[in-house]
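Visitor: I'm new to this structure and would like a close look at just one part of it. Could you walk me through the open sheet and what surrounds it?

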Amino acid sequence: MSAAHIIGLVASGQATSRAELARLLGWAPSTVSAHVQELLDAGLLLESGEGRSRGGRRPRLLSVPAGEGVMLAADLGGHHARLAALDGTGRPQKVRDLEMDVSAGPEPVLDQIMDALEELGDGRPVLGVGIGLPGPVDLDGVMVGPSRMPGWHGYSVRERMSRRFQTPLVVENDANLMAMGETVARGPDLRDFVFVKAGTGVGAAVVSDGRLHRGARGFAGDITHNRVPAGGDRPCSCGNFGCLETIASGAALVAAVNGDGVDVKSTADLVRLARDRHPTVTTNVRFAGRQLGEVLTTIVNFLNPQAVVLSGALAGCDLFVAAARGVLYERCLPPTTQDLEIAESVAGPDAGLLGIGRLILDQGVALASS
């Protein structure tokens, strides 16, 4: 259970005491008290006054500090960024979309992003800053081998941003942040799942027992460049051949249907034609969905998650999702799919921002208790 979940229950009014938290979470009172004390020590919760008695001693009331502090968050794509000022519970207060191009290189892009974040902060105390990046990020906040991001390999985003912001700092891959955003949107019942971002590119993240599984260096969950037999000798942006991205990403599908004589400009165009059951598009989309399902089969058999959560433009295409689901049910062991949920993300366009808020809160608690 994360700090963000507990704070969210208190902030929303669902829980006003330790006893109510214990009831909602199904935890022993001693476990709840230990977590609440960490949040009190970190200044993320307040406890004062007395609530109504239900047959025993009156409970102390929990609340979220009303302070003026904000968290600043930026979720970057290839050609745009979604920025927000988050309140003390990690929820977006003010959101701004910004046009930018990651291929311009790290220095100009980060300067543009940090300037815009400071404007959103509007001079208020900054509780933490986070950024999501469309490429692999190691545990030190360094970009490693990102595709279509010239100049970013080996660049320390954390070091650059820490020069301006002396606060808890989150630097993560975008799929990881979206997965964390899903935990905020879904609540504490979803604790073990695989998150798949299927849009122009393909990305994934793994959440285990409610926490992001990063692996030894931070690259766990990266299925983009898994070699698949159907990929053949198709060249990939990573320099290899036959990666999943070459046949199951939105960019690959757009190229494939254009090659078949269908004029498609974007993944959104592709999804629209798929919904209209255009025969050429339908064939290509189903093929791509099955290829994604093939890769996910191994992951589901190995991890036995509660759910596979799909996000991105292709997640809204029923043909793509149905094809992936069909392979999973066909190829996975029956015990792993008996209660497996395969569903579209509910976190929406702010998933990455919510994920940043959750990780900043978790980091603040970890620092306070260390």
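Guide: Sure, let's start with one pair of strands. Strand 4 (residues 80-86) and strand 5 run antiparallel and are joined by seven bridges. You can pick out one such spot yourself: Arg82 has Asp97, in strand 5, as its bridge partner. Keep in mind as you look that this is a predicted model.

Now step back to the whole sheet. It is open and has five strands, in the order 5-4-3-6-7, and the pairing is mixed. The edges are strand 5 (92-99) and strand 7 (169-173); each has a single partner strand, so one side of each is left without a neighbour in the sheet. From one strand to the next, the twist averages 15°.

Helices come into the picture too. Helix 4 (residues 106-121) packs on the sheet, where it touches strand 3 (70-76), strand 4, strand 5 and strand 6. The direction of helix 4 makes about 145° with that of strand 3. Then there is helix 6 (residues 174-186), which lies across strand 3, strand 6 and strand 7 and runs at about 110° to strand 7.

Stay with strand 7 for a moment, and find Glu172. This residue forms a salt bridge with Arg214, with the closest N and O atoms 2.5 Å apart. The link joins distant parts of the chain: Glu172 sits in strand 7, while Arg214 is in the loop between strand 10 (211-212) and helix 7 (245-248), 42 residues apart. The two ends differ in how covered they are. Glu172 is buried because its relative accessible area is 7%, under the 20% cut-off, whereas Arg214, at 29%, counts as partly exposed.

Just past helix 6, there's another pair to look at. Arg191 and Asp209 form a salt bridge, their closest N and O atoms being 2.8 Å apart. Arg191 lies in the loop between helix 6 and strand 8 (193-198), and Asp209 in the loop between strand 9 (202-208) and strand 10, so this pair ties together parts that are 18 residues apart in sequence. Both ends are partly exposed: Asp209 has a relative accessible area of 46%, and Arg191 has 21%.

One last stop is Phe193. Its contacts include Ala179, Glu182 and Thr183, as well as Ala205, Val206 and Val207. Phe193 is also among the residues with the most contacts inside the largest nonpolar core, which has 40 residues. Another core, of 39 residues, lies apart from that one, with Val257 and Val308 among its members.

Key
Residues numbered from 1 in each chain as written. Predicted model: local features only at pLDDT ≥ 70, side-chain atom pairs only at ≥ 80, totals over all residues. Heavy atoms only, no water. Core = buried A, V, L, I, M, F, W, Y, C linked by side-chain atoms within 4.5 Å. Buried < 20%, exposed > 50% of the residue type's maximum accessible area, 1.4 Å probe, protein only. Contact = heavy atoms within 4.5 Å. Pairing = 2+ DSSP bridges. Helix = DSSP H or I, 4+ residues; strand = E, 2+ residues; numbered from the N terminus. Axes fitted to C-alpha atoms, helices over the stretch in contact; angles between N-to-C directions. Salt bridge = Lys/Arg side-chain N within 4 Å of Asp/Glu carboxyl O. Lists of a residue's contacts leave out its neighbours within four places in sequence.
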